[in-house]
Amino acid sequence: MSTAKSPISTPHAPAPAHTFHQGVRKGPFVQVSGQGPVDPATSEYLFPGDVAAQTTRTLENVKAIVEGAGATFDDVVMLRVYLTKREDFSVMNDAYGAFVEANCPGGVLPARTTVFTGLPREEMLVEIDAFAITD
């Protein structure tokens, strides 16, 4: 017996700008689409030039979508971080570490991959997606 796929939608994260959902759930698996430093209320990109603030805002959006799926941030097993500049790694890593440690009360931090690449919007310094597994 197969479990149906269902879209995740929450007003607490930015609406997707293209032909995809904020996330998708199938059984216990939750995949969050790539998120950026966007204000969910205004759809504006925030904190130009500030990779630390952009990282935190982006993770807040990821967390909102995970919670919209009925999971918690502690259920996240993998995060993928996309950065535009290698020199931003240390600052991103500090902001990322503070957020993840504060939101994983179980003490087991998610696995992570960091990739350096171009992003869809010039003002985006970081994009993050997530994979969570729930009970």
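Below are four exercises on this predicted model, each with a worked solution.

Local features need pLDDT of at least 70 and side-chain atom pairs 80 or more, while totals for chains, interfaces and linings use all residues. Residues are numbered from 1 along each chain as its sequence is written, and side-chain values use heavy atoms, with hydrogens and water left out.

**Exercise 1. The sheet**

Task: give the strand order of the open sheet, then find its edges.

Solution.
- Step 1. Take helices (H or I, at least four residues) and strands (E, at least two) as DSSP runs, numbered from the N terminus. Two strands pair if DSSP finds at least two bridges between them.
- Step 2. Read the order. Six strands form an open sheet in the order 1-2-3-6-4-5, with mixed pairing.
- Step 3. Find the edges. Strand 1 (5-8) and strand 5 (111-116) each have a single partner strand, so one side of each has no neighbour in the sheet.
- Step 4. Check one pairing. Strand 4 and strand 6 run antiparallel and are joined by seven bridges. Val76 has Ala132 of strand 6 as its bridge partner.

**Exercise 2. Helices on the sheet**

Task: state which strands helix 1 lies across and which ones helix 2 touches.

Solution.
- Step 1. Set the terms. Contact means heavy atoms within 4.5 Å. Axes are lines fitted to C-alpha atoms, for helices over the stretch in contact; angles run from 0 to 180 degrees between N-to-C directions.
- Step 2. Start with helix 1. It lies across strand 1, strand 2 (23-26), strand 3, strand 4 and strand 6. Its angle to strand 6 is about 30°.
- Step 3. Move to helix 2. It packs on the sheet and touches strand 4 and strand 5. Its direction makes about 155° with that of strand 5.

**Exercise 3. The core and its aromatic pair**

Task: name the residues that touch the most other members of the largest nonpolar core, then follow Phe73 to its ring partner.

Solution.
- Step 1. Define the core: buried Ala, Val, Leu, Ile, Met, Phe, Trp, Tyr and Cys residues joined through side-chain atoms within 4.5 Å. Buried means under 20% relative accessible area, exposed over 50%, partly exposed in between (1.4 Å probe, protein chains only).
- Step 2. Pick the hubs. Among 27 residues, Val62, Phe73 and Leu79 touch the most other members. Helix 1 gives the most to this core, with six residues.
- Step 3. List contacts of Val62. Beyond four places in sequence, they include Phe73, Leu79 and Ile128.
- Step 4. Pair the rings. Rings of Phe, Tyr and Trp (its six-membered ring) pair if their centres lie within 6.5 Å; planes under 30 degrees apart are stacked, over 60 edge-to-face, the rest tilted. The whole structure has three aromatic pairs. Phe73 and Phe99 form an edge-to-face pair, 5.4 Å centre to centre with 85° between the planes.
- Step 5. Place both residues. Phe73 is in the loop between helix 1 (51-68) and strand 4 (76-83), and Phe99 is in helix 2 (residues 89-103), 26 residues apart. Phe73 is buried at 2%, and Phe99 is buried at 10%.

**Exercise 4. Arg57 and a loop residue**

Task: decide whether Arg57 is buried or exposed, then inspect Phe47.

Solution.
- Step 1. Arg57 lies in helix 1. Its relative accessibility is 16%, so it counts as buried.
- Step 2. Leave aside neighbours within four places. Arg57 then contacts Pro37, Val38, Pro40, Leu46 and Phe47.
- Step 3. Phe47 is in the loop between strand 3 and helix 1. Phe47 is partly exposed at 39%.
- Step 4. Check the backbone. Most residues other than glycine have a negative phi. Phe47 has a positive phi of about 55°.
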